[in-house]
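Visitor: Please take a close look at one part of this model, the metal site and its surroundings. Which residues are involved there, and how are they arranged?

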Amino acid sequence: MNTPAPLTLWQHAHLATMDGATPYGWQPDGALLTQGDTLRWVGALAELPAALRPRIGHEISLGGRLVTPGLIDAHTHLVYAGDRALEFEQRLQGASYEQIARAGGGIRSTVAATRAADEQRLLALALGRARQLLAEGVTTLEIKSGYGLDAATEARCLRVARGVGQALGITVRTTSLGAHALPPEFDGRPDDYIAAVAAWLPAQAADGLVDAVDAFCDTIGFTPEQTRRVFDAAQALGLPVKLHAEQLSNQEGAALAAGYGALSCDHIEHLSDRGIAAMAGAGTVAMLLPTAFYFLRDTRLPPVQALRQAGVPMAVASDHNPGSSPGLSLLLAMNMACTLFRLTPEEALAGTTVHAARALGLQATHGRLAAGCRADFVAWNLNHPAELAYWFGQRPAQRVVAGGRTVHLAGEAGTTGATGTTCTTDTDAHPPETAP
Ligand code: DI6
Ligand code: FE
């Protein structure tokens, strides 16, 4: 008979499980039992079942810290070369994001730089970015293509995205975003380009490179009808869809996407009531991207209160990309979701855990601390979970665990994370003065 693998007990933790009915799924004086890459038991240390004790092979103290699920950044464009600093200056001098795109800059300039970079270079760049997110507590990452816009470069970017997950031991979900912008060789022929995008998908799927399909439905992107053709191709392959919808204008893209059972509609500053109702009916997640709103100096707020009232789950992501959101901090996105969009700190944390998992179709295994979920969690040099959305510009993650392995330890070399920096917050963590 095979002996079951030993269990690891992670103890001396105050858990925001994001599971169950209490605020934050709060469990003071808690513990976690992991077996390999899976959480086997989560609860109050005092209630650890006696039958499990003899099977514990290792015990690790989390030092009385706050522990949350590993954070999930469910919308990034992490694979690209070059930067858009000059475009930033142009925008500050009055040019709009749309004007720059229409003049052949914007996404197209990043496409030129990305096409010119080989796979090794793109992987090095993407890994550097992913390590910064990981050091902040991100253990699950969505990565889109969309800066290749030809069959070979799109596949290269998707392979790089897969490579990031393999190199760092974190979960990466890939999204094919060929319908991001019109490449110059298809000028004046957007329908031909959309046919090409649809024709690339079967090979990408056969090579295991794509978990979902996305498009940019907007005035400087593609029409609803063109979006529909991309979605039909995805659906024929059994791939879920999501959409950059209602970012710069209302095209009723969200209702279209919800009709395909979309995982998420993203940006949605110009979302209509019809879109909200369709998303609520389809269980589509509203993906809020406040750092892009901030960086484009947008003024049109997404309809957060209406989404809340309709019961649409709201996620928060970094949207990391060189044009509209060059930051690499999911915690800053959470802070901005509160300050700019008026989410509560608990909604912001749900937006980067449970609801972000749903936006990736991973709700059964990711985004919560519960038995059966993947052993992804973070011990923070913080006391109360609301602090995650409160501090910004700091690195409060003390230990990041992905699949049961410590992938980042603050201040220690040799982990896969970026150079650890300890934050200025009190590191002698103690139980919160007030329970959440
Ligand atoms: N909307 C965005 O904010 C990103 N993509 C999109 O469709 C920006 C992409 C870029 O400007 O490079
Ligand atoms: Fe985006």
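Guide: A donor here is an N, O or S atom within 2.8 Å of the metal, and water is not among the atoms, so a site may look incomplete. The model is predicted. The iron ion (ligand 2) has as its protein donors His 75 (NE2), His 77 (NE2), His 244 (NE2) and Asp 319 (OD), at 2.1 to 2.3 Å. Along the sequence these donor residues follow the spacing H-x1-H-x166-H-x74-D. The angles among the four donor atoms run from 80 to 169°. Four donors count as tetrahedral if all angles lie between 85 and 135 degrees, and the site of the iron ion is classed as irregular.

Two of the histidines can be placed by accessibility. His 75 has a relative accessible area of 0% and His 77 one of 2%. Buried means under 20%, so His 75 is buried, and so is His 77.

Asp 319 leads on to the other ligand: besides donating to the iron ion, Asp 319 has a polar side-chain atom 3.5 Å from an oxygen atom of ligand 1. Tyr 97 places a polar side-chain atom 2.5 Å from an oxygen atom of ligand 1. His 180 has a side-chain N or O atom 2.8 Å from a nitrogen atom of ligand 1. On its own, ligand 1 has 320 Å² of accessible area, and the protein covers 100% of that. There are 14 residues around ligand 1, and those that come nearest are Arg 84, Tyr 97, Tyr 147, Gln 247 and Ser 324. The space that ligand 1 takes is the largest cavity.

Terms used:
Residues are numbered from 1 along each chain as its sequence is written. Chains are lettered from A and ligands numbered from 1 in the order in which they are written. This is a predicted model: local features need pLDDT of at least 70, side-chain atom pairs count only at pLDDT 80 or more; totals for chains, interfaces and linings use all residues. Side-chain values use heavy atoms; hydrogens and water are left out. Donors are N, O and S atoms within 2.8 Å of the metal (3.2 Å for Na, K and Ca); water is not among the atoms, so sites may look incomplete. Four donors count as tetrahedral if all angles lie between 85 and 135 degrees; four count as square planar and six as octahedral if opposite donors are over 155 degrees apart and all others between 65 and 115; anything else is irregular. Buried means under 20% relative accessible area, exposed over 50%, partly exposed in between (1.4 Å probe, protein chains only). A residue is near a molecule or strand if one of its heavy atoms lies within 4 Å of it. A polar contact is a pair of N or O atoms within 3.5 Å; within protein, one must be able to donate a hydrogen and the other to accept it, and residues adjacent in sequence count only if both atoms are side-chain atoms. Accessible areas come from the Shrake-Rupley method with a 1.4 Å probe; for residues, only the protein chains shown count as cover. On a 1 Å grid over the protein atoms alone, a cavity is a set of points where a 1.4 Å probe fits but cannot get out, and a pocket is an open set with protein on both sides within 12 Å along at least five of seven lines; lining residues have an atom within 4 Å of a point. A molecule sits in a cavity or pocket if more than half of its atoms lie within 2 Å of its grid points.
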